[in-house]
Amino acid sequence: MATVVVVGLGPAGPELLTDAARTAIERIPERYLRTRRHPAAVAAAGAHSFDDVYERASSLEEVYGEIVDGLAEAAVAAGEVLYAVPGSPLVAERTVELLLADERVDVELVPGLSVLDLAWTKLGVDPVACGVRILDGRRFAVAGAGERGPLLVVQCDAKDVLSDIKLAAGENHPAEVVVMQRLGLPDESVRSVAWEDLDREVDADHLTTLYLPVGAPPIAAEVARFAELVRTLRERCPWDREQTHRTLTRHLLEETYEVLEAIENLDQPGGAEHLEEELGDLLFQVVFHATLAAEEGSFTLADVASGIHDKLVRRHPHVFGTVEAETSGQVMRNWEQIKREEKGRTSIMDGIPGDLPSLLYAHKVQRKAASVGVEIEPAGDTTATTDEQVGALLFGVVALARRAGVDPEAALRATTARFRDEFMEKENSDG
């Protein structure tokens with residue numbers, strides 16, 4: 001039977017290699033490294049590395065599968081090969097998991113020191129007494145669901161991994177996290193970082209480990225699991241891979257209208273379940289766009305959630321500050337004033353999209369005007385107060401326009417635009 005001897009290179013330089021690992025490296029001439037990006041890789045002189053696989057593969061699972069296939073083929077050809085991995089073979093080593101399940105080869109494990117051994121020493125923590133759970137940073141979103149800590153998170157090798165951990169941890173995160181980098185090397189670093197600065201201040205690399213102390217929150221499991229699913233679809237589904245922000249606009253609009261339709265039918269049997277389903281479809285569009293932006297390096301889903309959270313806090317000074325607002329009208333006036341200051345806008349009408357459907361466009365323009373005390377006097381039947389009565393009135397206006405040969409959409413848009421222009425002129429003259 002072909003054999004793969006898996007050797008742990010330890011957590012740092014070659015001085016931390018075990019005697020058993022050195023003996024195996026010296027004995028087996030056909031040697032392979034998962035990556036040369038490790039301080040002890042120099043101990044396996046002449047070894048082939050799989051770094052090129054990381055560069056060309058489209059996903060980590062594809063990387064791991066290709067490595068296992070390459071090792072199995074080499075072992076069948078040579079009879080025995082050595083495979084050197086960072087740390088210890090069974091600590092956060094997905095390729096070793098796959099090798100042990102592969103029927104083409106026998107696997108022998110030569111343990112090594114892992115980053116865990118150094119971490120406990122630096123932290124002064126007994127992991128058994130404290131009940132520390134160890135997680136892979138790239139599996140944190142799902143594997144950490146429901147965990148309250150303490151947690152040791154290894155393989156936090158990129159900024160997007162740190163962002164995903166922040167997203168998965170939700171709002172009840174610890175105030176600080178301990179960041180350990182390059183343990184056992186001359187430039188090792190152990191420091192506490194404020195949670196909100198985790199993916200801003202930390203320059204993540206392949207030797208980065210996090211410790212989340214007791215009190216770490218339960219994970220926002222379902223949202224994190226869903227975000228991971230969307231990333232998986234982008235990697236593995238041909239249709240999802242082809243999409244861009246622009247190609248998704250039609251789907252975003254369709255899902256929005258389907259949510260509106262579900263709200264209209266909320267009183268029907270099964271209405272709540274239907275609305276739940278349609279909101280999920282709309283959420284998929286939001287997460288999809290955030291996933292595309294994260295791939296581009298623009299922003300992440302965590303940034304979206306954080307941004308709207310902070311905006312709502314700023315726009316509600318009557319809730320989170322000292323501003324008084326006892327009516328919804330006062331709330332809206334405060335909202336518009338704060339929005340103008342934030343955006344640097346000179347008119348309250350700035351920012352209203354001109355390509356909205358004309359009825360929605362008219363509604364937004366009138367609402368903006370009303371927020372500063374300018375009310376539009378209604379024409380026609382002013383006794384209509386219910387949805388049915390107002391709907392019948394609008395329906396009648398459409399019939400009137402049809403008989404007159406007037407496009408009601410264009411007519412309403414033009415009237416709204418004239419009112420908006422006059423309002424903005426008055427703003428300028430009063431200012």
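**Exercise 1. Overall form**

How many helices and strands are there in the protein? Describe the overall dimensions as well.

*Solution.* The structure is a predicted model. Step one is the count of elements: the protein has 19 helices and 10 strands. Step two concerns extent. The C-alpha trace spans about 95 × 50 × 45 Å along its principal axes. The radius of gyration is 30 Å, whereas a compact globule of 431 residues would have a value near 22 Å. Step three turns to burial and surface. Of the 431 residues, 38% are buried. The accessible surface comes to about 24000 Å², and carbon and sulfur atoms account for 54% of this area. Step four considers contacts between residues at least 6 apart in sequence: 64% of them join residues at least 24 apart.

**Exercise 2. The nonpolar cores**

Identify the largest nonpolar core and the element that gives the largest share of it.

*Solution.* The largest nonpolar core has 22 residues, and those with the most contacts inside it are Phe140, Val153, Ile165, Leu198, Leu210 and Leu212. Two or more residues are given to this core by each of α7 (140-143), β7 (151-154), α8, β8 (176-181) and β10 (208-212). The largest share, 5 residues, comes from α8.

The next step examines α8 itself. In this helix (residues 159-169), 8 of the 11 residues are buried, so α8 is largely enclosed by the rest of the structure. Among the buried residues of α8 are Val161, Leu162, Ile165 and Leu167, together with Ser163 and Lys166.

A view from valine 153 follows. Beyond its neighbours within four places in sequence, valine 153 is in contact with Leu135, Asp136, Gly137, Phe140, Ile165, Thr208, Thr209, Leu210 and Leu212. There is also a second, separate core of 21 residues, which includes Tyr32, Leu71, Val81 and Val85. As a general tendency, nonpolar side chains in soluble globular proteins are buried together.

**Exercise 3. Salt bridges**

Which residue forms a salt bridge with glutamate 295, and where do the two partners lie? Compare this pair with arginine 56 and aspartate 52.

*Solution.* The total for the model is 19 salt bridges. Glutamate 295 meets arginine 234 through their side chains, with an N to O distance of 2.6 Å. This pair links distant parts of the chain: glutamate 295 lies in helix α13 and arginine 234 in helix α10 (residues 221-236), 61 residues apart. Glutamate 295 is partly exposed at 46% relative accessible area, whereas arginine 234, at 12%, counts as buried because the cut-off for burial is under 20%.

For arginine 56 and aspartate 52, the N to O distance is 2.8 Å. These residues are 4 apart in helix α2 (residues 51-56), which means that about one helical turn separates them. Aspartate 52 is partly exposed, with a relative accessible area of 38%.

A further step concerns linked bridges: Glu61, Arg94, Glu97 and Arg139 form a network of salt bridges.

**Exercise 4. The loop after β8**

Locate arginine 182 and describe its phi angle and its salt bridge.

*Solution.* Arginine 182 lies in the loop between β8 and β9 (189-194). Its phi is near 55 degrees, a positive value in a residue other than glycine. Most residues other than glycine have a negative phi. Arginine 182 forms a salt bridge with aspartate 187, with 3.0 Å between the closest N and O atoms. Aspartate 187 is partly exposed at 43% relative accessibility.

Glutamate 176, in strand β8, offers a further reference point. The C-alpha atoms of glutamate 176 and aspartate 187 are separated by 22 Å, the residues being 11 apart along the chain. Leaving aside its neighbours within four places in sequence, glutamate 176 is in contact with Ser192, Val193, Ala194, Trp195 and Pro213.

**Exercise 5. Two helices, two settings**

Is glutamine 285 buried or exposed? Set the result beside isoleucine 263.

*Solution.* Glutamine 285 is placed in helix α13 (residues 271-296). With a relative accessible area of 5%, glutamine 285 is buried. Apart from its neighbours within four places in sequence, glutamine 285 is in contact with Leu248, His251, Leu252 and Glu255.

Isoleucine 263 is found in helix α12 (residues 249-264) and is partly exposed at 44% relative accessibility. Together with Leu253, Tyr257 and Leu260, Ile263 forms a nonpolar surface patch with about 390 Å² of accessible area.

How values were computed
Residues are numbered from 1 along each chain as its sequence is written. This is a predicted model: local features need pLDDT of at least 70, side-chain atom pairs count only at pLDDT 80 or more; totals for chains, interfaces and linings use all residues. Side-chain values use heavy atoms; hydrogens and water are left out. Patches are made of residues with over 30% relative accessible area and no salt bridge: like charges are joined within 9 Å, nonpolar side chains (Val, Leu, Ile, Met, Phe, Trp, Tyr) within 5 Å. Accessible areas come from the Shrake-Rupley method with a 1.4 Å probe; for residues, only the protein chains shown count as cover. A salt bridge is a side-chain nitrogen of Lys or Arg within 4 Å of a carboxyl oxygen of Asp or Glu. Buried means under 20% relative accessible area, exposed over 50%, partly exposed in between (1.4 Å probe, protein chains only). Contact means heavy atoms within 4.5 Å. A nonpolar core is a set of buried Ala, Val, Leu, Ile, Met, Phe, Trp, Tyr and Cys residues joined through side-chain atoms within 4.5 Å. The radius of gyration is taken over C-alpha atoms; the globule rule is 2.2 Å times the number of residues to the power 0.38.
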